[in-house]
Structures are given as structure tokens and as C-alpha cells.
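User: I have a protein model open and would like some help reading it. Could we go through it together?
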Amino acid sequence: MRRLYPAPQDRAGTEDREWSLEELADAYAYPEDVPLTEGWLRANMVSSLDGAAYHDHRSQPLSGPADMRIFGVLRALADVVVVGAETVRQEGYRPARRRAELAAERAAAGQTPAPAIAVVSAGLRLDWSLPLFAASPQPTLVVTGAAADPAHLAAARDSGAEVVPAGEGAGADPHRIKAELARRGYTRQLTEGGPRLLGQFVTAGVLDELCLTVSPRLTAGTAPRVVSGPEMSVPREMAPASLLEDSGFLFTRYHKV
């Protein structure tokens with residue numbers, strides 16, 4: 001791993017070596033002044049060189065060891081991981097695990113041993129027997145609209161999940177998702193997509209940061225980009241915050257302007 005941007009202040013910063021988890025945590029630290037009422041919504045996604053968000057319906061074939069280390073660190077820094085229902089199904093989501101190497105940092109920040117998982121779903125057609133719901137050490141959050149199907153809401157609660165209403169209709173409103181999670185103390189927010197959920201956050205203008213891994217792999221095919229949804233009338237500007245490289249993978253980080 002080596003830093004390409006901002007330019008390192010000393011020669012050590014240019015060396016290609018494996019960074020410790022603590023160094024990665026410092027490099028990806030949330031802003032110190034995260035608004036308690038608004039939260040900071042960060043996205044972490046991976047893309048092939050030709051723009052695919054996944055291969056064979058999963059992101060893992062595009063990933064690598066350094067990407068997985070950063071994936072784990074970003075989770076370890078977050079209060080909550082926000083993910084769409086379809087991604088839960090495709091990626092086989094399980095409860096986030098505690099990382100002993102960063103346990104002291106989480107405790108010092110007043111965080112739980114591992115981040116909560118928040119599943120955004122309008123239809124609530126989920127398998128409530130999955131470990132994500134039935135065997136999580138802390139309640140999995142299910143974010144939906146106030147008008148969601150009552151029977152499905154009851155099934156979610158029966159599974160031990162905590163239902164978070166974040167909209168007046170059947171589905172959740174992107175603005176409300178961020179605000180409702182922050183109101184419950186989940187201010188350091190991390191979304192791992194999928195592309196449609198991230199598209200909703202981008203279109204609504206509530207995404208604060210994008211961490212995008214550019215994988216040195218080509219896939220062709222018809223997979224969507226990391227952000228999928230209606231085209232915006234004006235492209236949204238983002239400002240580069242950092243750029244790391246490891247084994248041909250580029251780890252980019254952009255903040256809202």
C-alpha cells in the first residue's frame with residue numbers, strides 16, 4: 001500500500017508496504033465534527049476498470065486482499081452499515097463481526113463492539129430466519145416506509161429486527177433514512193449499496209463521501225455501474241480527499257463539495 005494523494009510529506013509515505021489496521025483507520029477516519037442531528041453518510045463500492053459494480057451478481061470477484069482490509073476497517077469505523085435488500089440477498093449478508101484490533105478505538109468512541117446493519121426495503125420480502133435477523137448480537141435495523149405491509153412489518157419485528165420508519169409511503173425516503181438513523185445515535189453511517197440504493201442517496205443529495213475501489217479487472221457483461229438510477233440534470237461535483245494504491249488496485253476517496 002502506498003499513498004499517491006495527498007503527496008506524502010516524507011519518503012516513508014511512498015514505500016509500498018502493508019499498512020496496519022490502525023494506519024488504515026487513521027487514513028479513513030470520519031470527520032471529527034460529524035453533525036449529531038444529520039450524520040455523515042459514506043459509501044464504499046468497488047468497480048471494474050470497465051465500470052461494472054459486480055461480476056456474476058457479486059462484488060467479491062472484483063475485490064482483493066487490500067480491498068477487503070479496507071472494507072473491514074470502514075465497517076469498524078461505522079456506527080451502522082446501510083444496505084439495500086437485494087444486496088443482502090445477493091451477497092449473503094450476516095451480522096457485522098467485532099474486530100479485536102480496533103475494539104479499543106470503538107469503545108473510546110462510545111460505539112458498540114460491531115456496527116449495526118440497517119436493511120432498506122420497501123416490500124420487506126426477506127428471509128427472517130437468516131442469521132442477519134435471527135442470530136445477530138444486536139437488533140438488525142429494517143428501514144422502510146410507514147405504509148409498509150402490516151403483515152411483513154409484524155414478521156420483521158417477530159424476527160427480532162428493529163423497524164425504523166423513514167417515509168410516509170411504502171418505501172423509505174433517502175433524506176429520512178439518514179436523519180432517522182442519526183436520531184438514534186448512528187451518526188457514522190456507511191452504505192455498501194447496492195447501486196440502486198446508492199443512486200437514491202446520490203440523487204437526493206445526501207451522500208457525503210464516496211470511497212471507490214477501482215479494480216484492475218475487466219468484466220464486460222451487463223452489470224450496472226456503482227450508482228444506478230435516473231440521470232441527474234446536473235452532475236454532482238465531488239472533491240478528491242485521498243488516493244492509495246496496492247497491487248494495481250486504486251483506493252479513491254471523495255468528499256462532497
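Analyst: We can discuss the sheet, some helices and several individual residues in turn.

User: Before that, what kind of model is this?
Analyst: It is a predicted model.

User: Fine. What is the order of the strands in the open sheet?
Analyst: The sheet has 10 strands, in the order β1-β9-β10-β8-β2-β7-β3-β4-β5-β6. The pairing is mixed.

User: Which strands stand at the edges?
Analyst: They are β1 (2–5) and β6 (162–165). Each has a single partner strand, so one side of each has no neighbour in the sheet. On average, neighbouring strands of this sheet are turned by 25 degrees against each other, with direction ignored.

User: Let's look at β4. How many of its residues are buried?
Analyst: In β4, which covers residues 116–120, 5 of 5 residues are buried. Ala116, Ala118 and Val120 lie on one side, with Ile117 and Val119 on the other, and both faces are covered.

User: And how does β4 pair with β3 and β5?
Analyst: β3 (residues 80–84) runs parallel to β4, and 5 bridges join them. β5 (residues 141–144) also pairs with β4 in the parallel sense, over 3 bridges. Val119 is a useful residue to find here: Val83 stands opposite Val119, and Val119 stands opposite Val142 in β5.

User: In which sense do β8 and β10 pair, parallel or antiparallel?
Analyst: β8 (residues 209–214) and β10 (residues 249–256) pair in the antiparallel sense, over 6 bridges. Within that pair, Thr213 has Phe251 of β10 as its bridge partner.

User: Switching to helices: which strands does α2 lie across?
Analyst: α2 lies across β2, β3, β4, β7 (188–191), β8, β9 (238–246) and β10. The helix runs at about 165 degrees to β2.

User: How does the length of α2 fit what is expected?
Analyst: The 13 residues of α2, at 1.5 Å a residue, should span 18 Å. The C-alpha atoms at its ends are 19 Å apart, which agrees. The buried residues of α2 include Ala66, Ile70, Val73, Leu74 and Leu77.

User: What about α7 and α8, at what angle do they cross?
Analyst: The axes of α7 (residues 174–183) and α8 (residues 195–204) cross at roughly 95 degrees and come within 8 Å. The two helices are therefore roughly perpendicular to each other. Pro174, His175 and Ile177 of α7 make the contact with Gln200, Phe201 and Ala204 of α8.

User: Now some single residues. Is Glu192 buried or exposed?
Analyst: Glu192, in the loop between β7 and α8, has a relative accessibility of 8%. Buried means under 20%, so Glu192 counts as buried.

User: Which side chains does Glu192 have polar contacts with?
Analyst: The side chain of Glu192 forms a polar contact of 2.9 Å with that of Arg75 and one of 2.5 Å with that of Tyr93. Leaving out residues up to four places away in sequence, Glu192 also touches others, including Asn44, Met45 and Phe71.

User: And Ser48, where does that one lie?
Analyst: Ser48 lies in the loop between β2 (40–47) and α2 (65–77). Its relative accessible area is 2%, and Ser48 is buried. Its side chain makes a polar contact of 2.6 Å with the side chain of Asp50 and reaches the backbone nitrogen of Ala52 at 2.9 Å. Apart from neighbours within four places in sequence, Ser48 is in contact with Leu62, Ser215, Arg217 and Thr219.

User: Which peptide bonds are cis?
Analyst: One cis peptide bond joins Tyr5 and Pro6, with omega of about -10 degrees. Another runs from Gly193 to Gly194, with omega near 5 degrees. Pro6 is in the loop between β1 and α1 (21–27), whereas Gly194 is in the loop between β7 and α8.

User: Last topic: what is the phi of Asp56, and of Leu124?
Analyst: Asp56 has a positive phi of about 55 degrees although it is not a glycine. Leu124, also not a glycine, has a positive phi of about 60 degrees.

User: Are those two buried or exposed?
Analyst: Asp56 is exposed, with a relative accessible area of 62%. Leu124 counts as buried, at 2% relative accessibility. Asp56 is in the loop between β2 and α2, and Leu124 is in the loop between β4 and α5 (131–134).

Terms used: Residues are numbered from 1 along each chain as its sequence is written. This is a predicted model: local features need pLDDT of at least 70, side-chain atom pairs count only at pLDDT 80 or more; totals for chains, interfaces and linings use all residues. Side-chain values use heavy atoms; hydrogens and water are left out. Buried means under 20% relative accessible area, exposed over 50%, partly exposed in between (1.4 Å probe, protein chains only). Helices (H or I, at least four residues) and strands (E, at least two) are DSSP runs, numbered from the N terminus. Two strands pair if DSSP finds at least two bridges between them. Contact means heavy atoms within 4.5 Å. A polar contact is a pair of N or O atoms within 3.5 Å; within protein, one must be able to donate a hydrogen and the other to accept it, and residues adjacent in sequence count only if both atoms are side-chain atoms. The expected span of a helix is 1.5 Å times one less than its number of residues. Axes are lines fitted to C-alpha atoms, for helices over the stretch in contact, and angles run from 0 to 180 degrees between N-to-C directions. Angles under 35 degrees count as roughly parallel, over 145 as roughly antiparallel, 65 to 115 as roughly perpendicular and the rest as oblique.
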